[in-house]
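Trainee: I have the sequence and the structure open. Can we walk through the sheet strand by strand?

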Amino acid sequence: MKKTLIIISTAFICLISLSASAQLKSYLGVFGGISTPTGEFKKADYGEIYHENNKAGYAKNGFTIGVDGAYYFYKNWAIAGTISYQDQGQLKSSDVQNLSAGYTEGFGVDQSAVTSSKRYKNLNVLVGPQYTFVFNKLYIDLRVNAGIIKSFSTPEIDVVLTDDDKDYPFTQHSSTATAFAYGGSAGLRYSFSKCIGLALKEIYINSPGIKIDNDNRNNSAGRLVTKQPISEFQTTLGLTFTL
Amino acid sequence: MLKLKHAMYALLATALFYASCSSKSEQAVAPTIANEQLTSAYLKLTNEANPSDTTSCRYRFHLDNNGNVTSTDSTALLLKANSKYDVKVVMLDTTQSPTFVVSDEIKQRQNYHLFFLQPTPISSANLVISTNSPYIPGTPTSASGPYLNLAVARTDQDSNTPPLQIGLTDLFTTGAASTGNLRVVLRHQPNAKNGTYAPGSTDLDVNFKVTIQ
C-alpha cells in the first residue's frame, strides 16, 4: 500500500513538473451536454412502510448548458468558474403509480390519487481552483469547486388519499430554494488555434439538498420530502476561447 | 293492583335495557384494518393496587369464508369498585396462522389511529370532550342516572409533532358499584388525526357490558 502511494505520488509530481510551463492563458467557454442524476436524486423508489425513502428524487437523465472559464494567476494554476443550467425531467406515470401505491399502504387507505407537474430545473454557480496539465496542444484540467444550486422548479406532487369515500389531500410543492453545492471536474481541452479550443469535460455536482415545502401534512406518516438532495454527473462538450 | 303496576314498570324497564344493549351490540362495522381482518378485540386489565388481580373482556366477530361477519359475541367486564386498572387493548386476526396481532399493526400505524372509550350511562358534567378525552361527542347523557362509575383516560402517545394520544393503553378508574356499557371505537384518521373524534372513519366499534362491584 505504502509502495503504491509512493509510486502514484512520484508519477503525479513527475507529471506536474513535465507539464509545468509559463503561465497559461485564461479562457472562457460555452458548453452543452447530458446531465445524469445519481444517488438518492436518481432513485425512483417510495421505500417500504415505516422506512419510506424521503430523499428519492425520481430525477431523470437530462441536459445541461452553461458557460465556463478559468483565470490563470500562477503558471498552471487558475481560479475557475462554471454557471450551468440543468433540466432533470419530471415524474413518469410509473413514478406516479409507485408513489400512489406507497401512500395507499403508508396510510392504510382505500386508494391514493397522485398527480405531478413541473420539472427539475436549476442553475449551478460553482467556483474553485483548477490545475492544468499541458501536453503540446492538449490540456488536462482538474478542478474542485463549490458554490450554490438555485432551483427554478422541482416536481409538484398532489396527493389525495381516499378512505371510506372521504378525501384527505396534501401537496409537496415545487421548490425555488437555493442550497450549497460542491463538486469537481476533469476535462480535456484541445487547441485548434491560438484562440479556439474544444473541451470535453466530466463534471460531478452534489448538494445536500434544497428545501421542499409541503402543505396540509398533519401526521407523521407516509413519505414526506422536506429536503431534496441533488447529485449529478455531467458529460459536456464545448468550445473555449482564449483570452 | 299496585303490585301489578310495579311488575309492569319492572318489565318495561327490563325490556328497554335489553333493547338498548342489543342495539349497541350490533354496532360492529367492517373489521378490516390495513387489509388485516379483525376477528377479536380484548380489553386486558390489571389492578394497579394488586398486579395479580387481572380481568378482561372479549368481543368476537364470526366470519364466513368470504370474510363477512355472520355473528358476534362478547363477554362482560367485571371490575372492583374504587380501583384503578391499567388497560391494554389487544386485537387479533385468528384466521391467520399464527394468529396475527392487529393491535401491533395499529401501534405501528399509531400516528393516524385513535381509540375512544365511552362509558354509559354518563352525566353531561362528566362527558368532557377535548383533544385528550377518550369520550365520544354526541353520546346521550343521563340527567338523573344511575351512572356507570367509570372514568377512562388514555395513557400512550404517538410520534406526531406534537404527540397525540393513541388509546392502546389506558387507565380505568372505578367508583361505587354500578352497571352500564363501555363502547370502544377505533378511528382511522389518515393525515387527519388531531386528537378529536370527527376526522376519519371507524375501523372498530364494539360494546361491552360493564359491572362494577
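Trainee: Which residue in β5(A) stands opposite A:Val67?

Mentor: This is a predicted model, where local features need pLDDT of at least 70, side-chain atom pairs count only at pLDDT 80 or more, and totals for chains, interfaces and linings use all residues. Residues count from 1 along each chain as its sequence is written, while chains are lettered from A and ligands numbered from 1 in written order. Strands are DSSP runs (E, at least two residues), numbered from the N terminus, and two of them pair if DSSP finds at least two bridges between them. The partner of A:Val67 in β5(A) is A:Ile83.

Trainee: How many bridges join β4(A) and β5(A)?

Mentor: β5(A) covers residues 77-87 and pairs with β4(A) in the antiparallel sense. The two form a hairpin with two residues between them, and A:Lys75 in the turn has a positive phi of about 45 degrees. The bridges number 11.

Trainee: Which residue of β4(A) faces A:Leu28?

Mentor: β1(A), residues 27-37, runs antiparallel to β4(A), residues 62-74, with nine bridges. Opposite A:Leu28 stands A:Gly69.

Trainee: Which residue takes a positive phi in the hairpin of β7(A) and β8(A)?

Mentor: β7(A), residues 121-135, and β8(A), residues 138-153, pair antiparallel. Two residues lie between the strands. The one with a positive phi near 60 degrees is A:Asn136.

Trainee: How many residues of chain B are in contact with chain A?

Mentor: Contact means C-beta atoms, placed from the backbone, within 7 Å. On the chain A side, 15 residues take part. For chain B, the number is 15.

Key:
Two residues are in contact if their C-beta atoms, placed from the backbone, lie within 7 Å. Helices (H or I, at least four residues) and strands (E, at least two) are DSSP runs, numbered from the N terminus.
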